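Open the model in your viewer and keep the sequence panel beside it. The stops below say what to select next and what is there.

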Amino acid sequence: MAAEQGVLFVGPWPGAGLGRVIRALLLLLCFAARGGTLYFHIGETEKKCFIEEIPDETMVIGNYRTQLYDKQREEYQPATPGLGMFVEVKDPEDKVILARQYGSEGRFTFTSHTPGEHQICLHSNSTKFSLFAGGMLRVHLDIQVGEHANDYAEIAAKDKLSELQLRVRQLVEQVEQIQKEQNYQRVRGWAGSGGLLPRSCQLTHPGAACQIHYETQGTYLSELHCKSKRWDDCY
Amino acid sequence: MLRPGSARRWLAAAGRWSCRLLALLLLVPGPGGASEITFELPDNAKQCFYEDITQGTKCTLEFQVITGGHYDVDCRLEDPDGNVLYKEMKKQYDSFTFTASKNGTYKFCFSNEFSTFTHKTVYFDFQVGEDPPLFPSENRVSALTQMESACVSIHEALKSVIDYQTHFRLREAQGRSRAEDLNTRVAYCTCLPRRILLLGAGRGGENNS
């Protein structure tokens, strides 16, 4: 009833009522599309870092969206296009693998080539920020790792998979992720971090297989494939 | 061209239906998802995270401290009205499940304010509602076939395997952190007395000659 009256009342022309309907529909879409992302506040010069411990050849996708506090309206508004975020990703050896500036809304992707702790750091780039009276920036962040980063709709369209095929494909991806993690932990658990391979393992070429002899209860023989003489490069 | 009367009626109907749909969407818990984040918490710092949750959604917050000091942190979870749903001090690991009693922004904070010089690395997993379905049109009325049901069961089982792996990895990281910590302390404890002894012996030698 109230909606009907609202539509009839607002403005002398039908277009005004239409505007109200469009606004309602947009709000509808907003709620429908909203995945409910986590957000936090970051200061003007603050740098926030996140750690992802991942096996090698794992894809990580990060989506973020920023909002700036508007003192006049006393609420958070989508940040101005000039305000961007600087994203820096470091691999376990502290080497920078991604250092890019994105806009107020962005998506960054990287694939790990070395297993271990990767560090993702975010900080805002704008100096014009101080115009907003030293306010806080609200950052909505969503980081997806490995299998979760897959866009199944895209995979289904590209490979023309049926529903059942897509489900099985998801299971295959999950199992692959589990295997990668197990291999990573297997080496980690035995060797810890750092350190060189025992002399008994002579690498003829990168990726060579190595028979490592471990004394546990009796003897436990295992084969490791190593890219270099360091334990961390074995899987 | 539409007559003004019918246009108005159409607009009125559209307005009514969009409002009803909107109300329906607000009531029904949305697809949800999970956020798994590992972050650094400096000493004397507090870090808060927020999320908008619809009423009736079942949520789980799980956290674990990986590195730093005594591997403990204060955690606090509040509902949109500021009521404290969960509050624990100096906890190493915990898991808390709750159902959102009202719509709004839920806030959870991790505090390292009791520590004067140790940074902490904290992992948390905040699960809101169910994972989004594989297919957008998942709300189909027809039942899943046997094959599809089997796939769903396997998917759920694999999810728990991945969950166990995550916990194993975190525990390994924590163990490694403790070992390295201990190693540093032992090296310091043996190195320093030895150095003092050598210095003392050197001085003694000088005095004698």
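Start with chain B: of its 209 residues, 36% count as buried, where buried means under 20% relative accessible area, exposed over 50%, and partly exposed in between (1.4 Å probe, protein chains only). This is a predicted model, in which local features need pLDDT of at least 70, side-chain atom pairs count only at pLDDT 80 or more, and totals for chains, interfaces and linings use all residues. Residues are numbered from 1 along each chain as its sequence is written, chains are lettered from A and ligands numbered from 1 in the order in which they are written, and side-chain values use heavy atoms, with hydrogens and water left out.

**Chain B as a whole**

Colour chain B by secondary structure. Two helices and eight strands appear; helices (H or I, at least four residues) and strands (E, at least two) are DSSP runs, numbered from the N terminus. Along the sequence the order is α-β-β-β-β-β-β-β-β-α.

Now select residues 46–128 of chain B, which an unreviewed UniProt entry lists as "domain: GOLD". UniProt positions are given here in the numbering used for this model, feature names are shortened, and annotations may be inferred rather than shown by experiment. The span is 67% strand and 0% helix, and its end C-alpha atoms are 23 Å apart.

**Aromatic rings**

Show the side chains of Phe, Tyr and Trp. There are 17 aromatic pairs over all chains, a pair being two rings (for Trp, the six-membered ring) with centres within 6.5 Å; planes under 30 degrees apart count as stacked, over 60 as edge-to-face and the rest as tilted. Zoom in on B:Phe108 and B:Phe126: their ring centres are 4.7 Å apart and the planes meet at 45 degrees, so this pair is tilted. B:Phe108 belongs to strand β7 (residues 104–111) of chain B and B:Phe126 to strand β8 (residues 120–128) of chain B, so the pair ties together parts 18 residues apart in sequence. Both residues are buried.

Widen the selection to the cluster linked by ring pairs: A:Phe40, A:Phe50, B:Phe39, B:Phe49, B:Phe63, B:Phe108, B:Phe110, B:Phe124 and B:Phe126.

**Strand β1 of chain A**

From that cluster, follow A:Phe40. It stands opposite A:Val139 in β9(A). Strand β1(A) pairs with strand β9 (residues 137–145) of chain A in the antiparallel sense over five bridges; two strands count as paired if DSSP finds at least two bridges between them. Select β1 itself, residues 38–42 of chain A: five of its five residues are buried, so the strand is largely enclosed by the rest of the structure. On one side are A:Leu38, A:Phe40 and A:Ile42, on the other A:Tyr39 and A:His41, and all are buried.

**Salt bridges**

Next, show the charged side chains. The count is 15 salt bridges over all chains, each a side-chain nitrogen of Lys or Arg within 4 Å of a carboxyl oxygen of Asp or Glu. Which residue forms a salt bridge with B:Arg176? The partner is A:Glu53, with the closest N and O atoms 3.4 Å apart. B:Arg176 lies in helix α2 of chain B and A:Glu53 in strand β2 (residues 47–54) of chain A, so the pair joins two chains. Both B:Arg176 and A:Glu53 are buried. Add B:Glu172 to see the network of salt bridges that links it with A:Glu53 and B:Arg176.

Move to B:Asp94 and B:Lys91, whose side chains meet in a salt bridge (3.9 Å, N to O). B:Asp94 is buried at 16% relative accessible area, whereas B:Lys91 is partly exposed at 27%.

**Helices of chain A**

Select residues 154–181 of chain A, listed by UniProt (unreviewed entry) as "coiled-coil region". This span is 89% helix and 0% strand, with end C-alpha atoms 25 Å apart. Pick out A:Asp159 and A:Arg169, which form a salt bridge with the closest N and O atoms 3.1 Å apart. The two are ten residues apart, A:Asp159 in helix α3 (residues 152–159) and A:Arg169 in helix α4 (residues 163–191) of chain A. A:Asp159 is partly exposed at 35% relative accessibility, and A:Arg169 is partly exposed at 26%.

In the loop between α3 and α4 of chain A, select A:Ser162. It is partly exposed, at 37% relative accessibility. Draw a line to A:His123: the C-alpha atoms are 42 Å apart, with the two positions 39 residues apart in sequence numbering.

**Last stop**

Return to chain B and select B:Leu192 in helix α2 (residues 146–208). This residue is partly exposed at 37% relative accessibility.
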